[in-house]
Each structure stands twice: as C-alpha cells, then as structure tokens.
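Open the model in your viewer and keep the selection box handy. We will go from stop to stop, and at each one you will hear what to pick and what is there.

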Amino acid sequence: MSEKKLTVSGFASCSAYQQAKNALLGMKAIYPKEFDITVNECKTFLSSHRFLVVIFLIVATRDEYMAWLPSFRETIDAPNHKTSPIVWFEGGKYLGGRDDTIAWVKNLLTRTEEPPSTPPNVDPWNPSHGFDYDLVVIGGGSGGLACAKEAVKNGAKVACLDYVKPSPHGSKWGLGGTCVNVGCIPKKLMHMGAQLGEHAKVAKSYGWTGFENGKNNWDELRDHIQDHIKGLNFGYRVQLREQGVTYLNKLGKFKGPNTLECIDSKGKVQVITAARFVIATGGRPTPINIPGGEYAITSDDLFSLDKPPGKTCVVGAGYVALECGGFIAGLGLGEVVILVRSRPLRTFDQDTVKYVLDYMKQEGGIRIEEGILPKSIEKLSNGRYLVHYGDKSEEFDTVLAAIGRTPDLSKLGIENLSSPLTIHKSSGKIIATNEQTSIPNIYALGDVLHDAPELTPSAILAGKLLARRLFGNSTDTISYRNIATAVFTPLELGTVGFSEEDAINEYGKDAIECFISEFKPLEWSISDVHHDVNSFVKIVVLKESNNGIKNKVIGLHIAAPNAGEVIQGYGLAMNKGLTYEVSSLYQDCL
Ligand code: FAD
Ligand code: NAP
C-alpha cells in the first residue's frame with residue numbers, strides 16, 4: 001500500500017468531487033515525483049494530463065455513479081460511504097470523501113515545507129550477492145546501533161563493529177558510542193547532580209532543613225555514573241545478540257568496497273565481506289593545537305577522572321564547554337574560567353544566550369573571558385597547569401579543551417576504496433545524498449555525515465529510516481531541518497528553528513516579528529537566591545510565508561529551568577506548522 005498513490009472517483013458535475021480532485025492534482029503539481037493520482041471519471045472525449053494517467057471508467061452521470069458505488073465501496077471496506085467523491089489509496093485503503101481528502105492534503109502541506117521524501121539512489125543490490133553479510137555497520141554508537149537493529153528487523157543479515165580508540169589520556173569505554181559513554185548520558189547526570197545542588201540552596205525556603213552545608217563527593221558521583229554506563233554497555237550487547245546482529249568488538253578498515261578488515265585489540269585480523277556498508281563512526285574531540293596542548297583533557301576523559309577536576313580552565317564556548325563548565329561549578333568541584341574565542345554559542349539566538357551567560361556568571365560564579373585564545377599550557381612542578389592567555393597567566397588543576405569535534409575517519413581505510421569517498425573540504429565529513437555516499441553501496445550517518453546535526457536523536461532516526469529504505473521497501477528520508485536542541489547549562493537553553501539574526505538574514509527585517517517575554521519562574525518565587533536573573537522566551541515569527549501562511553513560527557528560544565524538556569514539544573509543533581496568534585489575549589499569556 002502506498003500513501004502517495006491515490007484514486008479519486010466521482011461524477012463530473014459534482015462540485016465536491018471537483019474540489020477533492022483538484023486538491024489531489026495540486027499535490028501532484030507541487031510534488032510531481034512523489035504523488036500518483038488516478039482519476040476515475042467518465043468523459044466523452046479522450047484527454048491526457050501532464051501528471052497523471054486518466055482511466056476512463058464506468059462513471060458517467062450521478063445516477064451511474066450512485067449505481068456503481070454500493071458494489072465498489074465494499075471492496076475498500078467503506079460500506080457506509082454514500083456520496084461523491086470517494087477516494088482511496090493504492091492497495092485499497094479508504095481515505096474518504098471531499099472533506100477527508102482536503103484535510104489530508106492540508107495536513108501534508110502544513111506538516112513541513114520540505115517536499116515529501118525522495119527515493120534514494122539505487123545501489124547495486126542483489127539478494128543473491130554471495131557476501132558474508134547483507135549489511136555491515138561500522139560504529140556501534142547512536143546511529144549505528146539503531147541502523148543495525150532495524151536492518152535485522154527488516155530481514156537483513158547484519159554485523160556491527162564497534163571499537164574505541166583510547167583517548168590521548170588513555171580513556172576508553174564500551175559499546176554504545178559517544179552519547180552513552182562520554183556524552184549525553186554522563187553529561188545529563190552530572191547536570192542533574194549540579195541542579196540538585198541548586199535546589200539544596202533554596203530548600204530552606206521550601207521548609208527543608210539540613211541541606212545547607214551539603215558537599216558533592218566526586219568519587220561517588222563518578223562511580224555511580226560509570227556503573228550505570230557499564231550496565232548500558234552490557235544491555236546493548238545483549239540486545240544485539242537477542243536481535244540477531246553479529247557484534248564485533250573490532251576496528252573496521254576497508255580493503256575494498258565490499259571487503260573489511262576487522263582488527264581486534266590484540267591485532268588479530270578477520271576479513272569479512274558485505275553487500276552494503278554503513279559508516280557510523282562518529283567524531284572525537286578536536287585536540288588543541290598550542291604548545292602544551294597535550295596537557296588538556298577533553299570530554300572523552302572528564303567523566304571518568306580519578307580525582308575531581310578542581311579549578312578548571314575550559315577552552316571553547318560551544319555546547320560541551322558551557323555544559324561541562326556549568327556542572328563543574330554547580331557541583332562545587334572547583335572554580336571555572338571559560339575562554340571564549342568569538343562569542344559563546346555563536347550560532348544561537350544571542351538575546352537568549354545572554355540570559356544563560358548572566359545566570360552562569362552571577363549565580364554560578366563562573367568567569368567568562370571573551371575574545372581570548374590560550375597561547376600555551378605549562379605543567380608545573382606542583383602538578384598544576386599554567387595557562388597563558390591574552391596578557392595573563394593563571395594556574396589551574398585541569399584544562400578542558402572543548403573546541404569542537406573532528407569526524408572519526410582515521411584508520412577506516414577509505415583510501416583503499418576503489419573510487420574516492422567524497423569528503424567535505426572544511427568539515428572533513430562525508431558528503432552523501434539521503435545518507436548514500438559517492439560509492440553506491442556505502443552509506444554514512446550521524447556525526448560523520450556532512451550537513452547533519454551532531455545530535456543523538458537525529459542519528460537514531462537517520463539510522464532507522466535508512467535501514468527501512470535499504471531492506472524494507474520504505475522511501476522515507478529524514479529531514480534535518482527544525483530539529484529542537486537543548487544546552488544543559490545551569491539555566492537551560494532550548495531552541496528550535498531560526499535565531500532572530502538568521503531569520504532576518506534569510507527573510508529580511510520587515511518580514512519578521514519577534515515576541516519576547518522575560519519572567520521569574522514560579523520555582524524561584526519563594527526564594528531570594530535567583531533574584532538578579534530572569535528567564536526568557538523569544539518567538540520568531542514570519543509575518544507571511546511564501547504559501548500565504550500568516551504568522552508562522554520559525555524560531556523559538558527559551559532560557560529557563562527545564563527548557564531542555566519544554567522545547568521538545570515546541571519542536572514537534574513547529575514541524576506541524578505552528579503559527580502565532582497575534583492577539584492581546586495570547587500576548588498576555590506569553
Ligand atoms: P558515536 O555515538 O560517536 O559512535 C561512533 C562509534 O564508532 C564509536 O563507538 C567509535 O568508537 C566507533 N568507531 C569509530 N571508528 C571505528 C572503526 N573504524 N571501527 C569500529 N568502530 C569505530 N547529543 C544530544 O542529542 N544530546 C545531548 O545531550 C548530547 N550531549 C553530548 C555531550 C557531549 C559531552 C558530547 C561529546 C556529545 C553530546 N551529544 C549530545 C552528541 C551525541 O553524543 C552525538 O551526536 C552522537 O553520539 C553521534 O552518534 P554517532 O552514531 O554518529 O556516533
Ligand atoms: P561546538 O558546539 O561546535 O563549539 C566549539 C567551540 O569551540 C566554539 O565556541 C568555537 O568558537 C570554539 N573553538 C573552535 N576552535 C577553537 C580554537 N582553536 N580555540 C578556541 N576555541 C575554539 O563544539 P562542541 O561543544 O565540542 O560540541 C560538538 C557537537 O556535539 C555540538 O555541535 C552538538 O551538536 C553536540 N553536542 C550536543 C549537546 C546537546 O545536545 N546538549 C551537548 C554537547 C555536544 P567559535 O564560535 O569562535 O567558532
């Protein structure tokens with residue numbers, strides 16, 4: 001059954017039939033490659049339509065239509081349908097009459113401005129290929145695991161390799177990739193730990209006693225988190241086994257477009273072959289290239305440090321820098337200084353970022369040095385590090401480099417492929433169309449893919465959809481637009497869509513309107529701890545979009561407690577075509 005192939009049947013003089021037919025032909029005109037519309041209508045002359053096959057059928061007049069309908073409607077399980085038109089999908093699923101058809105079309109048009117999915121290019125797939133596997137996924141992180149499991153569900157024979165190259169400081173971990181081991185999971189848990197400290201500060205106002213002098217114990221926090229992660233590593237291994245994916249804890253290295261060397265930690269080599277490959281090798285923190293840069297740890301090391309970080313110099317001002325700086329200060333593990341090259345969270349809505357930074361500086365006691373690059377790091381005899389930056393030098397216990405991530409293509413042997421894999425010059429990531437690379441049987445997804453966000457939910461969805469397209473006859477592709485994201489800073493930041501600045505660059509100042517609200521969250525109201533900083537929301541509205549939609553919400557930015565959770569619902573609403581009701585009634589509510 002295809003939800004893109006429909007038939008509309010009715011009699012020509014019926015206005016409801018004409019409306020439904022025109023709505024469907026409109027979809028065909030907008031998305032000519034996507035929709036197939038068949039019109040069952042009797043006419044007295046032959047005609048052809050640019051976009052459709054016209055079938056000349058049984059129905060000439062109202063009476064003839066009404067005579068034909070009762071026997072036909074049973075075949076599509078619509079025994080109560082009594083009017084013209086009647087519309088159904090290929091395979092016989094009933095859609096409805098005029099109103100249902102128009103509602104269906106409206107829904108498709110408002111759901112997204114992207115065209116419905118385009119079928120991927122076809123790779124040279126032959127079910128009797130004779131290779132060891134239908135699919136080998138290289139990388140058992142967020143995207144790779146999702147893809148491998150979904151491919152097996154769709155009948156493929158699959159192997160998944162995952163191998164962690166130790167960080168320069170020797171940190172390594174188990175199956176599950178960045179998010180589980182050295183990313184989202186430990187970060188969110190440490191953020192939650194820091195938030196508990198914040199709550200403890202106001203607990204007295206809520207009638208609690210005994211929380212005032214609490215102190216965080218790093219060893220306990222780290223061990224509990226690491227134990228949880230080991231449980232997740234084990235769970236993933238069990239899932240792969242139970243679901244029939246062959247797991248190889250080995251480093252994958254291409255020997256050709258269908259051949260992979262799999263090398264274990266002792267250097268033992270196994271060669272496997274596959275009809276298709278997915279590269280889901282993610283990224284690793286970019287090392288800092290200054291004298292003494294080797295002394296800086298990265299997020300790969302932070303969550304398993306054998307002692308609390310202490311006074312920390314964080315280099316960078318993106319997600320990782322602000323989140324890690326935020327929880328180190330929030331847990332009371334040490335003073336934090338953040339060195340910012342240009343501006344913090346440079347690509348985010350800057351009014352919203354200001355609230356996050358004000359909170360970090362005023363309530364979190366974090367020092368933020370803007371427009372500063374570190375020049376060098378020296379190791380001192382007392383075990384501390386002397387960081388030279390700007391015209392200052394300062395001692396720290398830890399230097400954390402959080403200056404972005406580099407796609408992990410090292411040791412993958414892409415130079416051994418018969419034709420070159422196209423790599424983007426500046427990002428160093430793989431260029432692909434619908435995740436298909438320049439080599440037709442090799443796919444790429446997640447952090448290693450150019451122009452895809454470096455986020456876990458999008459890597460998971462991309463992996464599942466790709467597996468369904470490769471082995472399950474689906475044509476659905478992922479859209480990387482309007483993906484909601486959160487920065488888990490002490491005051492959280494949730495964002496989706498255009499910043500005000502980007503919206504103006506895209507549409508022009510006159511086309512945009514922003515609605516903002518500054519407020520004190522209820523949870524702060526009975527305490528004097530957060531008295532200087534407020535929370536903030538900005539809605540960026542396009543006054544009229546190309547297709548005539550008024551006040552379309554194209555950006556939403558929140559700096560507030562729990563913004564990370566709140567933004568998810570708005571992300572969904574925006575992708576469904578959220579508009580802003582510009583009335584005093586709603587403005588009062590905002
Ligand atoms: P990864 O999860 O990185 O998995 C790739 C795997 O491939 C790794 O295990 C790697 O060791 C393995 N590998 C590499 N080369 C080979 C090879 N040749 N052979 C075999 N195996 C190989 N995202 C969010 O959405 N929310 C968050 O809150 C969030 N927080 C983050 C916090 C931090 C500190 C960091 C660093 C990242 C965070 N992210 C977050 C981003 C998220 O972790 C990544 O976007 C996601 O993990 C990418 O998934 P992936 O499948 O592309 O790659
Ligand atoms: P990032 O967000 O791209 O930020 C990199 C930061 O480092 C920027 O502030 C950049 O400054 C700075 N920088 C780059 N090169 C530098 C240099 N040589 N010296 C000093 N500063 C330098 O990278 P990230 O924080 O490592 O995060 C990587 C990705 O992981 C993110 O894009 C995100 O998708 C994902 N992630 C997501 C979450 C989440 O969802 N909550 C959390 C963590 C990570 P400029 O602005 O001047 O370039």
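**Stop 1: a salt bridge inside one helix**

Start by selecting K153 and E150, which form a salt bridge whose closest N and O atoms are 3.7 Å apart. Please keep in mind throughout that this is a predicted model. Both K153 and E150 belong to helix α4, where they sit three residues apart, about one turn of the helix. Now switch on the surface: which of the two is buried and which is exposed? K153 is exposed, with a relative accessible area of 62%, while E150 is buried, with a relative accessible area of 7%. E150 counts as buried because its value is under the 20% cut-off, and K153 counts as exposed because its value is over 50%.

**Stop 2: a salt bridge across the sequence**

Next, select K311 and E394. Their salt bridge has its closest N and O atoms 2.8 Å apart. K311 lies in the loop between α8 (299-302) and β13 (312-315), and E394 in strand β18 (residues 392-396), so this pair ties together parts that are 83 residues apart in sequence. Are these two partners buried or exposed? K311 is buried, with a relative accessible area of 16%, and E394 also counts as buried, at 12% relative accessibility.

Then move on to R384 and D397, another salt bridge, with 2.9 Å between the closest N and O atoms. This pair links distant parts of the chain, 13 residues apart: R384 is in the loop between β16 (374-379) and β17 (385-389), and D397 is in the loop between β18 and β19 (398-401). R384 counts as partly exposed at 23% relative accessibility, and D397 counts as partly exposed at 29%.

Before leaving, add R367, E369 and K392 to K311 and E394 in your selection: salt bridges that share partners join these five residues into one network. How many salt bridges does a search of the whole structure find? The search finds 27.

**Stop 3: ligand 1**

Now select ligand 1 and show what surrounds it. There are 37 residues around ligand 1, and the closest are G143, D162, T178, K187 and D447. Zoom in on some polar atom pairs:

- T178: one of its polar side-chain atoms lies 2.5 Å from an oxygen atom of ligand 1.
- C184: a backbone N or O atom lies 3.5 Å from a nitrogen atom of ligand 1.
- E454: a polar backbone atom is 3.2 Å from an oxygen atom of ligand 1.

On its own, ligand 1 has 1,000 Å² of accessible area, and the protein covers 94% of it. To see which elements do the surrounding, color α4 (142-153), α5 (177-182), α6, β9 (251-256) and α11 (456-471), each of which supplies at least two residues of the shell. Which element gives the largest share? That is α5, with four residues. Coloring the shell by class gives 14 nonpolar, 15 polar and eight charged residues.

**Stop 4: ligand 2**

Select ligand 2 in the same way. Here 21 residues form the surroundings, with E323, S342, R346, E454 and A486 the closest. K187 and E454, which you met among the closest residues or contacts of ligand 1, turn up here too: E454 is one of the closest residues to ligand 2, and K187 has a side-chain N or O atom 3.4 Å from a nitrogen atom of ligand 2.

Look at two further pairs. A polar backbone atom of V320 is 2.8 Å from an oxygen atom of ligand 2, and a side-chain N or O atom of E323 is 2.8 Å from a nitrogen atom of ligand 2. The protein covers 77% of the 920 Å² of accessible area that ligand 2 has on its own.

Two elements give two or more residues to this shell: α9 (319-330) and β22 (485-487). Of these, α9 gives the most, with three residues. By class, the shell holds 10 nonpolar, five polar and six charged residues.

**Stop 5: a nonpolar surface patch**

For the last stop, select Y206, W208, F211 and I526 and show the surface. Together they make a nonpolar surface patch of about 450 Å². Pick out W208, which is in the loop between α6 (184-202) and α7 (218-243). W208 counts as exposed, at 53% relative accessibility.

Key:
Residues are numbered from 1 along each chain as its sequence is written. Chains are lettered from A and ligands numbered from 1 in the order in which they are written. This is a predicted model: local features need pLDDT of at least 70, side-chain atom pairs count only at pLDDT 80 or more; totals for chains, interfaces and linings use all residues. Side-chain values use heavy atoms; hydrogens and water are left out. Patches are made of residues with over 30% relative accessible area and no salt bridge: like charges are joined within 9 Å, nonpolar side chains (Val, Leu, Ile, Met, Phe, Trp, Tyr) within 5 Å. Accessible areas come from the Shrake-Rupley method with a 1.4 Å probe; for residues, only the protein chains shown count as cover. A salt bridge is a side-chain nitrogen of Lys or Arg within 4 Å of a carboxyl oxygen of Asp or Glu. Buried means under 20% relative accessible area, exposed over 50%, partly exposed in between (1.4 Å probe, protein chains only). A residue is near a molecule or strand if one of its heavy atoms lies within 4 Å of it. A polar contact is a pair of N or O atoms within 3.5 Å; within protein, one must be able to donate a hydrogen and the other to accept it, and residues adjacent in sequence count only if both atoms are side-chain atoms. Ala, Val, Leu, Ile, Met, Phe, Trp, Tyr, Cys and Pro count as nonpolar, Asp, Glu, Lys and Arg as charged, and the others, Gly among them, as polar.
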